[in-house]
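Notebook open, structure loaded. I am jotting things down as I look them up, starting with the rings.

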Amino acid sequence: MQHLISKEGFEKFKAEWEQLKYVERPAMINQVQAAAAEGDRSENAAYTYGRMRVREIDRRLRELDRILDGAKIVEISAPEDGSIRLGAKIKMVDTKTKRPKEYTIVGEKEIDPLKGRISMKSPIGEALKGKKKGDTIQVTVPRGTVTYEIVEVTY
C-alpha cells in the first residue's frame, strides 16, 4: 500500500532503520548472549530485558520496512497559486482568542501532533486543503467550532 512521504521523512525513517539494524540490535544480541552465559536465565533480569528489547527492535524494524517499502516520496515545492498542500508550513490565528497556531502538513506516517505535524486527512488538514493566505477556516474540535485565519503559508 503506497503512502505519501516527504524526502525528509523518508530519510529520517531510513536513518532510524539503519540505527536499529546495525547498531542497537547487534548490541542487544551481545548483551543477551553475555547474560545467557551467566547461567540461570529464569531469574536473570539482563537476559529477560535484552530479549524483550530485541523483540521491540524487531517489531519496529518490521514497521519501518512497511513504511519505507510503501513510501511514495513527494517533492515539496510551493504551488503557483499559493494553496496549501503536502509540505506546507502554516501559521494561523484563532479569530476569537487571537492565539497563534503553527502546523506543517506531512504524510500520514510522519505525523506528530505535539510538534504541529499533521496529516491532510486530519480535521484541520482537511479544512486547510487548497486554502491560501488570508482565508479563514472553521474546524470542529471537542470544545466546539473554532475559526482560524491563515496568516502565512510557506514551503
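**Aromatic rings**

I searched the whole structure, a predicted model, for aromatic pairs and got one. The partners are tryptophan 17 and tyrosine 22, with ring centres 5.8 Å apart and planes at 80°. I noted the pair as edge-to-face, because 80° is over the 60 degrees needed for that label. Then I checked tyrosine 22 for burial: it counts as exposed because its relative accessibility is 55%, and the cut-off for exposed is over 50%.

While on rings, I also looked for a charge over a ring face. Lysine 12 lies over the face of phenylalanine 13, 5.1 Å from the ring centre.

**Alanine 34**

I looked up alanine 34 next and found it in helix H1, which covers residues 7-37. Is this alanine buried, exposed or partly exposed? Alanine 34 comes out at 47% relative accessibility, so I wrote it down as partly exposed. I also took a C-alpha distance from alanine 34 to alanine 46: 9.0 Å, for two residues that sit 12 apart along the chain.

**Salt bridges**

How many salt bridges does the structure hold? I get 12, and I went through a few.

Arginine 53 and glutamate 56 meet through their side chains at 3.4 Å, N to O. Both sit in helix H2 (residues 45-69), and because they are three residues apart there, about one helical turn separates them. I checked accessibility for each. Arginine 53 has 21% and counts as partly exposed; glutamate 56 has 30% and is also partly exposed.

Aspartate 94 and arginine 143 form another salt bridge, at 4.0 Å, N to O. Aspartate 94 belongs to strand E3, while arginine 143 is in the loop between strand E6 (136-141) and strand E7 (144-154), so this bridge ties together parts 49 residues apart in sequence. The two ends have opposite burial labels: aspartate 94 is buried at 7% relative accessibility, and arginine 143 is exposed at 63%.

Then glutamate 110 and arginine 117: a salt bridge again, with the closest N and O atoms 3.6 Å apart. I have both glutamate 110 and arginine 117 down as buried. Which residues are linked in a network of salt bridges along with this pair? Glu8 joins Glu110 and Arg117 in that network.

**The sheet**

I traced the strand order next. Five strands make an open sheet, running E5-E4-E3-E7-E6, with mixed pairing. Strand E5 (117-119) and E6 are the edges, each pairing on one side only. Ignoring direction, neighbouring strands are turned by 45° against each other on average.

Then I went pair by pair:

- E3 and E4 pair antiparallel over five bridges. Isoleucine 90 stands opposite tyrosine 103 in E4.
- E3 and E7 are antiparallel too, over six bridges. Valine 93 has glutamate 149 in E7 as its bridge partner.
- E6 and E7 run antiparallel and are joined by six bridges. Valine 141 has glycine 144 in E7 as its bridge partner.

How many residues lie between E6 and E7 in their hairpin? I count two. Arginine 143, from the salt bridge with aspartate 94, is in the loop between these strands.

**Lysine 98**

I looked for unusual backbone values and stopped at lysine 98. Its phi is near 65°, a positive value in a residue other than glycine. Lysine 98 is in the loop between strand E3 (89-94) and strand E4 (100-106). I have lysine 98 as exposed, because its relative accessibility is 58%.

**Nonpolar core**

Last stop: which residues touch the most other members of the largest nonpolar core? The core has 18 residues, and the ones I wrote down are Ile84, Ile90, Met92, Ile105, Leu128 and Ile137. E3, E4, helix H3 (123-128), E6 and E7 each give two or more residues to this core. The largest share, four residues, comes from E7. Ile90 turns up twice in my notes: in this core, and opposite tyrosine 103.

Definitions and conventions: Residues are numbered from 1 along each chain as its sequence is written. This is a predicted model: local features need pLDDT of at least 70, side-chain atom pairs count only at pLDDT 80 or more; totals for chains, interfaces and linings use all residues. Side-chain values use heavy atoms; hydrogens and water are left out. Rings of Phe, Tyr and Trp (its six-membered ring) pair if their centres lie within 6.5 Å; planes under 30 degrees apart count as stacked, over 60 as edge-to-face and the rest as tilted. Buried means under 20% relative accessible area, exposed over 50%, partly exposed in between (1.4 Å probe, protein chains only). A charge sits over a ring if NZ of Lys or CZ of Arg is within 6 Å of the ring centre and within 35 degrees of the ring normal. Two strands pair if DSSP finds at least two bridges between them. Axes are lines fitted to C-alpha atoms, for helices over the stretch in contact, and angles run from 0 to 180 degrees between N-to-C directions. A nonpolar core is a set of buried Ala, Val, Leu, Ile, Met, Phe, Trp, Tyr and Cys residues joined through side-chain atoms within 4.5 Å.
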